[in-house]
Every structure is written in C-alpha cells, then in structure tokens.
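Trainee: Please take me through this one step by step. I would like to follow the reasoning as well as the values.

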Amino acid sequence: MTVLRKNLIDGEWLGEAGSHNINPSNTNDVVGEYASAGPEEARQAIAAAKAAFPSWSRSGPLARHAVLKKASDEIMARKDEIGRSLAREEGKTLAEGVGETIRAAQIFDFFAGETLRLSGEMVPSVRPGVGVEMTREGVGVVGIITPWNFPIAIPAWKIAPALAYGNTIVFKPAELVPESAWTIVDILHRAGLPKGVLNLVMGKGSVVGQAMLDSPDVNAISFTGSVGTGKRVAAASVEHMRKFQLEMGGKNPLVVLDDADLAVAVDCAINGAYFSTGQRCTASSRLIVTEGIHDRFVDAVKERLDKLVIGDALDAKTQIGPVVDQTQLKQDEDYIAIGRQEGAELAFGGERLERETPGFYLRPALFLGSTNAMRISREEIFGPVANVIRVKDYDEALAVANDTPFGLTSGICTTSLKHATHFKRNSEAGMVMVNLPTAGVDFHVPFGGRRGSSYGPREQGRYAMEFYTTVKTAYTLAG
C-alpha cells in the first residue's frame, strides 16, 4: 500500500493526495503519493512562518545548533536508505544518490557549527562616549524553491543556513522529487523545530510558487531553476522590495590544451559532461579542444563512452542512469536533432535505449565539428549531450570559453602553470577548475556564477550569511 506524504503547515501534516512520483528507471514503479497544496495552503504556510519568526529569530544558538546537528546525524545514519530513495525517484545512480545524501548531512553539520560562530563588530564612534555595534539578524520569512536534479543537497544548502541565522521557511520543492524533500522536512520536524518555523508546500510552481511570489509577507526568496522562471522571481521580488537569490543555468566550458595529460582530460570530460546523466547546472557541455590533442582526445572520449554502463539507477553496475522524465528526454532529443540540423556531426550516441524495465534511457551523445555560434553551444540542454569545439590555441580557447550568456563554472586541463594561472584569473565564471571536472564542488565554500547563471549573494559556506541575514548598526551613549 502506498503511503500518502502530506504537507507540513504550522507543525501539522495536512493535505489530500494530489500526485504520484514515478521511478524514471522503471515507469511501472510508483515511489509514492504526495499531497498537492493550493494557493490557500501556501498562504497558510506563509502566515505560520510569519507568526513563528519573532520567537525563532530570538532563539539561542544552542537551540538552533541542537536541531541542525540532530538532523545531520540522522541523515548520515540513514544515508544508504535515503540515497536509495533519491536514486529511485530522480534517476541518478545509487552511488551518486548516497553521495548526495552524505553531502546534505555535511551541510547541516557545517551550519550547526555556524550557529555557535555568529559574531558582530564593536567600534568606537567618531563622537566621544558613543559606542557602535554591528550585528546580523535573520531577514524574516524565506521562500525556498528548489529543482529536481539535486533533490536533497540543494534544499539542504538553502534550509540549513536559513534556520541557522534565525529565519523561518516556506519550502516548495520540485514536483518530480517530493520524497527527498518530504524526508528532509520530516527529519527536521522531529529534530525539534517549533511549529511554523519550517513549512513544506508541495505542488505546482504555477500555483504554490506564484502564491509565494505574490505575498508581501515573504521577505526573501532563494530560487534554483531555469532562467525564465528566475526572471519571473526577480520581477515579482522587485515589486515587493524583497531580497532574492537566483541560481539558474550554465553552458560550462572545459578547455583541453595540447599539453594536457590525456587521461586526466578524458576523466574530466566524461565526469563533467555525462555523470548524473548530464543533469547538472555545472556540467561541462562545451569541450573546447586545441588542434594538437583534438583527435587523440576525441578518440579516447568515444572509447570511454562506448564502455559506460547505462541502466537502472539502483543497479550497482550502472554508471549513467536514466533521464529524469519524458519531458526532459524529449528536450534532449530535440537538441540532438537541432545539432545535426546545424551541421554538427553526431559522432557518438544520442539514441534511446531499451532495458529490462521501461524507463527514460538515452545513450550519451557527443557532437564534433560544432561552432560556438550553434544553439547546442549557446543554450543549456541539461542532459547527457556535449559538443567538441576545435580551436587553434590557448588564446582562442579562452575567448570561446568566455563567449557565453552564462558564467557558472569553467575548467581547463593543462600541465602549464602559466596557462592554468592565466585561466583562473581571466575565465569569466564564478568557479574555475584546473585538471578537475567542472561539476563537483565543496560544501563549505561559496557556490555561484555570473551573468545568466546567478544573481545575488553566493550560496554555501560562510558566504550564505550575506543572503540570509541583514545588518543592524546600533549606537549607544554611555552615561
């Protein structure tokens, strides 16, 4: 019997069945049933968060630390169970699902520690006898809207700092992955959060998300998703003069120079472009390769692609799982057709695959002979599709790498300290990797990019404080 997962509003589990969660590795497998909130439920959640804010924002650091640490410990203790559930609903491999779950536990542990490291400043005034204090306070009710591709890590890196710095939350996860969202909320709820501090409203973005955008009682919104939706979040937030933070798309370059270690370069390309089925905003979908190594690099990448095991996410042998759903699969196939129409050569893959169970299986695709002006080089595909752009030398590679409307992450494979150093300084991206995949970042340092990729303060690490707090300056005349 399928258990109904309900929304959490003001400390109560509420709602009726609204949607089914389907396993992309086996579309006959229903992961669960989930309540679907409407506008009224969203408004109730916002009101509950607003009512809970005064008390939670003034709670002591030990109270917040206890909740976040307890949540971290439970997530880590249940990593195999939660990771398996994550792989089942999203389609990334079992190893990736467990790894993401461990990362979520680490994030909660980090911000548990941050509650005990909150600090301010005290300075003398220019006026005699006056003291000046600068402190940080929570911003209020934070709306959190998360995507489907990292269903527990991204909610963790938004929810943990929001709670650590004294905010209350209305959380709307992606419809495709409600189980991971419900699990993390259930853990925090049982860890001792007061009612109304964290509210879960599952449902359609056009309904629940819009109610959040329309509310003057939502003081800040942290959003990760598409560029188009991000722009709507920004416009609605300006209307209410609220803080907003956007993490959106990427069209990330991996530069491979003639002097690169070929094995390292191939590993970076395969991991960055195709792992997690290419469904990462940090995926290296543009492989910019200089002439001297181009042919050897392409042959080695094709050889590795041919050996990859594509299959059920829960099979320990699987290296690449299915695409998340039919809509995303069609988008991938549409872009593969566009690439061919534009004149690029489909040198490997791109076709649907049949497996023992019905699912959204796609063989990873590699294009050759592409230019940076093609749509497959300009637009985010968000699937296991990459294209090679042949360039003359480092200078041309850098220019092509920077010629993009995005700017999230970039990478270079080289044994030249000169080129690595120059690239780190001159790459127009928020994160730069040298001899590492463009996808894969640490949880304790800032995450974010430039241009169409990101807007607002960085996420993760101590930099998260910039978004989830506001600064107060207080003056005191002594005696």
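Mentor: Helices (H or I, at least four residues) and strands (E, at least two) are DSSP runs, numbered from the N terminus. This is a predicted model, where local features need pLDDT of at least 70 and side-chain atom pairs 80 or more, while totals for chains, interfaces and linings use all residues. Residues count from 1 along each chain as its sequence is written, and side-chain values use heavy atoms, without hydrogens and water.

Trainee: Which end-to-end distance do the C-alpha atoms of helix α5 show, and why does it agree with what the helix should span?

Mentor: The expected span is 1.5 Å times one less than the number of residues. Helix α5 covers residues 153-164, twelve in number, so it should span 16 Å. The model agrees, because the end C-alpha atoms of α5 are apart by 16 Å.

Trainee: How many residues of α5 are buried?

Mentor: Buried means under 20% relative accessible area with a 1.4 Å probe, protein chains only. W157, K158 and L163 are among the residues of α5 that qualify. The helix is mostly covered, and the buried count, out of twelve, is twelve.

Trainee: Which residue just after α5 takes a positive phi?

Mentor: Follow the chain just past the end of α5. A positive phi of about 90 degrees appears there, at G166.

Trainee: Which element gives the most to the lining of the largest pocket?

Mentor: On a 1 Å grid over the protein atoms alone, a pocket is an open set of points with protein on both sides within 12 Å along at least five of seven lines, and lining residues have an atom within 4 Å of a point. This one holds about 1,000 Å³, and of its 35 lining residues the closest to the centre are W148, F223, G225, S226 and T229. At least two residues each come from α7 (205-214), β11 (220-224), α8 (227-240) and α11 (326-342). With five residues, the element that gives the most is α7.

Trainee: From which helix comes the largest share of the lining of the second largest pocket?

Mentor: This pocket has about 410 Å³ of space and 22 lining residues, with R103, F150, S276, R280 and G440 nearest its centre. Both α4 (94-115) and α5 supply at least two of them. The largest share, four residues, comes from α4.

Trainee: Which are the edge strands of the open sheet of three strands?

Mentor: Two strands pair if DSSP finds at least two bridges between them. The order is β6-β7-β21, with antiparallel pairing, and β6 and β7 (residues 130-138) share four bridges, with V123 opposite V132. These two form a hairpin with five residues between them, where G129 has a positive phi of about 80 degrees. Pairing on one side only marks the edge strands, β6 (121-124) and β21 (469-477).

Trainee: What volume does the second largest cavity have?

Mentor: A cavity is a set of points where a 1.4 Å probe fits but cannot get out, and a volume is the space filled by probe spheres set on the points. The structure holds three cavities of 30 Å³ or more. The second largest is lined by 16 residues, with P253, A401, T404, G407 and E428 nearest its centre, and α13 (394-402) and β18 (409-413) each supply at least two. Its volume is about 70 Å³.

Terms used: Buried < 20%, exposed > 50% of the residue type's maximum accessible area, 1.4 Å probe, protein only.
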